[in-house]
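Reader: Got a minute to walk me through this one? Show me the model and let's start with how the parts meet.

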Amino acid sequence: MSEELLRVEAISKAFGGVQVLQDVSLLLRSGEVLALVGANGAGKSTLIKVICGAYAADKGTIFIDGQQQNYRNVREAVAAGVSVAHQNNMTISRLTGAQNIELGREPTRFGLIDKRELRRRAEALWRVFDVNIDINAECGDLGPGEQKIVDILKALATDPRILILDEPTATLTLGESKRLFAFIDQLRTKNIGVIFISHHLQEVLDHCDSVVVLKDGRLVHQGVVDNNLTREDIVQMMIGRSVVQEKRASSAVAGETVVSVENLKVGSLHVNRFEAARGEVVGIAGLIGAGQTEFLQCLAGARRPSQAGSVELFAKPGLPKTVGDAVLDGIYSVPADRIHTAIFGALTVEENLSTASLSGLSSKGFISSRTARARAGELISALAIKCAGQDQKVQELSGGNQQKVSFARWLSRPGLSQDSLRNQIFLLDNPTEGVDVGAKAEFYDLIGRLAIRGGTVIVTSAEFTELIAICDRIYCISNSTLSDHFPAVEMTEETLLLKTN
Ligand SMILES: Nc1ncnc2c1ncn2[C@@H]1O[C@H](COP(=O)(O)OP(=O)(O)OP(=O)(O)O)[C@@H](O)[C@H]1O
Ligand SMILES: [Mg+2]
């Protein structure tokens, strides 16, 4: 048994009277990869922030190598050997990858920043991942997976003994995730301890040595990962019930085609042919960054294609010119980068849930606050959004609960309460990113109900099993081209992987 590296003892933390962590203790040994799992809002990120010095605990003690730690901020925790890649992207978009990695620790020569040394160090880390990213590109121009890798390399740049990764794989492609796990294996041999947070429980079973389960701020399990531990066991401990992912029952008859695209080009993606019908859930399978996000943005009026080809939406030629035009045409989107673009962190949960639907809540020009409140309350319970109350600011919610708010926002549109959604198209770009297994099932159910009421859903996902479970048909992007489609019932994760390489 290897040595004890980090011991966390009886940590408690409350925010404004809400107890978020209660007496949490855990042990990490050197060379161990410890998974930390729990439903959205269970307290994982908060615990990490205590361990890395970002938050002071109300109670409890942290030991490294048996020594009690009294660090008061992140800098002191880094000096003690703790480093974190946080859940939210922390890269600064106007700086390059190299500059982000070395931020705050620029090597100096004669008092000036030694650019060559900076570059050399960053490149050494870059090779670790063997990724094809331009180290000198501004991070704002990189894709989400690439920015995440910069974040992880930044955490590694301090030579930590304890590396904490808070949902690193949520935005990574499968290939990038594979490289990350291969790299974590190397860290094991160097006796570095890793705490790994993920909602992808298969990753926990495949790559971690032990697992800690948090539920409502309390530790409910710490144990080894071995053949006796199943995914169902973990789910049961996380949410207190089991969740079976069932194939959605397809809408009996596909209606008429309402989306038809031919010969559209956006970025490096060529959409040869794409169609979607009323009542249909159509998936787009592609590696993250294959162009599916940009394609959905074109349909949503948020981006111009480089070649428009021929497009018909509801038998009307052409793409919407703006997002506002799209909404007027009944085209709603949940964008990929919604934490930055689709929610207002400084506003309350209720305000966020009603901003998409002001017109429907107003009577004679006044917004009925009672209606807004009731509607927000319904959405909070439908999606099990964990918040202290409707007046809590969205930026205070856990990552997964922010995702739920952004998803619920457009559900609050009054048009959606109509019985028929025959003239509505929903563009969902990786809608379940960062969402826990229980809430995922709710999302799938909602997506199915949109289609049953005649809506057209176009959805992407980084998880192919998810596409297979919720879609009628799936289009695959291979070699930068989107044209082949297959009935979801005939697909397996393996076949989709082969078709998208
Ligand atoms: N700064 C804050 N102010 C008030 N409440 C907060 C704050 N930070 C977190 N919380 C609350 O603490 C709880 C736990 O949040 P945390 O981010 O730790 O969850 P999590 O387990 O990481 O969830 P997720 O899987 O969604 O990322 C949530 O209910 C959240 O609303
Ligand atoms: Mg979190």
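Author: Here we go. This is a predicted model. Nine residues of domain 2 are in contact with eight residues of domain 3.

Reader: What classes of residue sit on the side of domain 2 that touches domain 3?

Author: That side has four nonpolar, two polar and three charged residues.

Reader: Where are the domain bounds?

Author: Domain 1 is 4–239. Domain 2 comes in two stretches, 243–330 + 423–501. Domain 3 is 342–418.

Reader: Now the ligand. Which domains give residues to the shell around ligand 1?

Author: Domain 1 and domain 3 both do, so ligand 1 lies between them.

Reader: Which residues come nearest?

Author: Phe15, Ser45, Thr46, Ser398 and Gly400, out of the 19 residues around ligand 1. Two elements give two or more residues to that shell: helix H1 (44–51) and helix H15 (399–411).

Reader: How does the shell divide by class?

Author: Four nonpolar, eleven polar and four charged.

Reader: Change of topic. How many residues are in the largest nonpolar core?

Author: It has 70. Leu427, Val457, Ile458, Cys471 and Ile474 have the most contacts inside it. The core draws at least three residues from each of domain 2 and domain 3.

Reader: What does Ile458 touch?

Author: Beyond its sequence neighbours up to four places away, Ile458 touches Ala276, Val282, Ile284, Leu296, Ile425 and Leu427. Another core, of 64 residues, lies apart from that one. Val20, Ala35, Ile64 and Ile152 are among its residues.

Reader: Leu296 is in H9, right? Which residues of H9 are buried?

Author: Yes, Leu296 is in H9. The buried residues are Gln292, Thr293, Glu294, Phe295, Leu296, Gln297, Cys298 and Leu299. That makes eight of the eight residues of the helix, so H9 is largely enclosed by the rest of the structure.

Reader: What happens just after H9?

Author: Gly301 takes a positive phi of about 80 degrees.

Reader: Which residues have a positive phi without being a glycine?

Author: Asp216 is one, at about 45 degrees. Ala384 also has a positive phi, of about 50 degrees.

Reader: Where do they sit?

Author: Asp216 is in the loop between strand E11 (210–215) and strand E12 (218–224). Ala384 is in the loop between helix H14 (369–382) and H15.

Reader: Why does Asp216 count as partly exposed?

Author: Because Asp216 has 16 C-beta neighbours inside 10 Å, and buried takes 20 or more while exposed takes 12 or fewer. Ala384 is partly exposed too, with 16 other C-beta atoms within 10 Å.

Reader: Back to helices. How does the span of H5 agree with its residue count?

Author: H5 runs over residues 144–156, 13 residues in all. At 1.5 Å a residue it should span 18 Å. Its end C-alpha atoms are 19 Å apart, which agrees.

Reader: Why is H5 called largely enclosed?

Author: Because eleven of its 13 residues are buried. Among them are Gly145, Ile149, Ile152 and Leu153. Charged names are on the list as well, including Glu146, Lys148, Asp151 and Lys154.

Reader: What covers those buried residues?

Author: The cover includes strand E6 (82–85), helix H3 (97–101), helix H4 (115–129), strand E9 (162–166) and helix H6 (174–189).

Reader: Take Val82 in E6. Buried or exposed?

Author: Val82 is buried, with 27 other C-beta atoms within 10 Å. Leaving aside neighbours within four places in sequence, Val82 is in contact with Ile51, Cys52, Ala77, Pro160 and Ile162.

Reader: How far is Val82 from Gly318?

Author: Their C-alpha atoms are separated by 53 Å. Along the chain the two are 236 residues apart.

Reader: Last one, Val37. Where is it found?

Author: In strand E3, residues 33–37. Val37 counts as buried, with 26 C-beta neighbours inside 10 Å.

Reader: What is Val37 in contact with?

Author: Outside its neighbours within four places in sequence, Val37 is in contact with Leu201, Val204, Val211, Val213, Ile234 and Met238. Val37 and Val204 are 167 residues apart in sequence. In space they are 8.7 Å apart, C-alpha to C-alpha.

Terms used
Residues are numbered from 1 along each chain as its sequence is written. Chains are lettered from A and ligands numbered from 1 in the order in which they are written. This is a predicted model: local features need pLDDT of at least 70, side-chain atom pairs count only at pLDDT 80 or more; totals for chains, interfaces and linings use all residues. A nonpolar core is a set of buried Ala, Val, Leu, Ile, Met, Phe, Trp, Tyr and Cys residues joined through C-beta atoms within 7 Å. Domain bounds come from an automatic or database domain assignment. Two residues are in contact if their C-beta atoms, placed from the backbone, lie within 7 Å. A residue is near a molecule or strand if its C-beta atom, placed from the backbone, lies within 6 Å of it. Helices (H or I, at least four residues) and strands (E, at least two) are DSSP runs, numbered from the N terminus. The expected span of a helix is 1.5 Å times one less than its number of residues.
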